Amino acid sequence: MEQLRQSAGEHRMEQIIGNLLRTGVLLAALVALAGAALFLYRHGTEVPDYHFFQGEPKDLRTADGILHNAMQIRGRGIILAGMLLLIATPVFRVVFALLAFLWLHDRLYSLISLIVLAALLFSLFGMSL
């Protein structure tokens, strides 16, 4: 009976994780699409100058700058906010898996999830420390 209950809990956890990933990817795509539509509406008739390379503006090189631009309803900021959502989705998945394994008292997978989360966070923020 215990085995059956644990299996049902694991199955429910897999469904929630699947829905979390689908929702995250769909939300990121919708945000990026809205930003692209706004960007094309405002700048679609401009002729780009390809003679000189112009990199990304400084205010769009950090997460704070991207979110600030998105809050000001700027197309580029909204597009990049969608990309941040896309990057954050698997991180949320690992956090949810860690919490679920802790709830299920599964020490081995809790430890593995914690190691994966540490690797993800280090790869995202470790270089700036």
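Leaving aside neighbours within four places in sequence, which residues is Arg76 in contact with? The legends below take up this question and several others, one close-up at a time, for a predicted model.

**Figure 1. Arg76 and the residues it touches.** The answer to the opening question is Phe39, Glu56, Pro57 and Leu60, with neighbours within four places in sequence left out. Arg76 itself has its place in helix α3. With a relative accessible area of 40%, Arg76 is partly exposed. Another residue to locate in this view is Phe53, which is 23 residues from Arg76 along the chain. The C-alpha atoms of Arg76 and Phe53 are separated by 17 Å.

**Figure 2. The whole protein, for orientation.** Before moving on to the other close-ups, it helps to step back. The protein has 4 helices and 0 strands, and from the N terminus on its elements run α-α-α-α. Its radius of gyration is 20 Å, well over the 14 Å that the globule rule gives for 129 residues, so the protein is more spread out than a compact globule. Taken along the principal axes, the box filled by the C-alpha atoms is roughly 70 × 30 × 25 Å. Of the 129 residues, 25% are buried. If you like contact statistics, here is one: among contacts between residues at least 6 apart in sequence, 61% join residues at least 24 apart.

**Figure 3. The surface and charges of the protein.** About 10,000 Å² of the protein is exposed, and carbon and sulfur atoms supply 69% of that area. There are 10 positive and 9 negative side chains. How far apart do the centres of the two sets lie? The separation between these centres is 3 Å.

**Figure 4. The two faces of helix α2.** Helix α2 spans residues 63-71, and its buried residues include Gly65, Ile66, Asn69 and Ala70. Why do these residues count as being on the same side of α2? They cover an arc of only 135 degrees around the axis, which puts them on one side of the helix, the same for each. The buried residues of α2 pack against α3, which covers residues 75-103. On the face turned away from the buried side, you will find the exposed residues Asp64 and Met71.

**Figure 5. Ile73, in the loop after α2.** Follow the chain on from α2 and you come to Ile73, which sits in the loop between α2 and α3. What is notable about its backbone is a positive phi of about 55 degrees, although Ile73 is not a glycine. Is Ile73 buried or partly exposed? Its relative accessible area is 46%, so Ile73 is partly exposed.

**Figure 6. Leu84 and its contacts.** Leu84 lies in helix α3. Not counting residues up to four places away in sequence, Leu84 touches Ala63, Ile66 and Leu67. One of these, Ile66, is also among the buried residues of α2. Leu84 itself is partly exposed, its relative accessible area being 29%. Ala28 is worth picking out as well: 56 residues separate Leu84 and Ala28 in sequence, while their C-alpha atoms are 7.9 Å apart in space.

**Figure 7. Val95 of α3 and Leu117.** This view centres on Val95, another residue that lies in helix α3. Val95 is partly exposed, with a relative accessible area of 30%. How many residues along the chain lie between the positions of Val95 and Leu117, and what separates their C-alpha atoms? The two are 22 residues apart along the chain, and their C-alpha atoms are separated by 7.0 Å.

**Figure 8. His105, between α3 and α4.** The last stop is His105, found in the loop that joins α3 to α4, the helix of residues 107-125. Phi of His105 is positive, near 60 degrees, in a residue other than glycine. Is His105 buried or exposed? With a relative accessible area of 70%, His105 is exposed.

How values were computed: Residues numbered from 1 in each chain as written. Predicted model: local features only at pLDDT ≥ 70, side-chain atom pairs only at ≥ 80, totals over all residues. Heavy atoms only, no water. Helix = DSSP H or I, 4+ residues; strand = E, 2+ residues; numbered from the N terminus. Rg over C-alpha atoms; globule rule 2.2 N^0.38 Å. Buried < 20%, exposed > 50% of the residue type's maximum accessible area, 1.4 Å probe, protein only. Contact = heavy atoms within 4.5 Å. Areas by Shrake-Rupley, 256 points an atom, 1.4 Å probe, with all protein chains shown as cover. Lys, Arg positive; Asp, Glu negative; His and termini not counted. Charge placed at Lys NZ, Arg CZ, Asp CG, Glu CD. Arc of directions from axis to C-beta.
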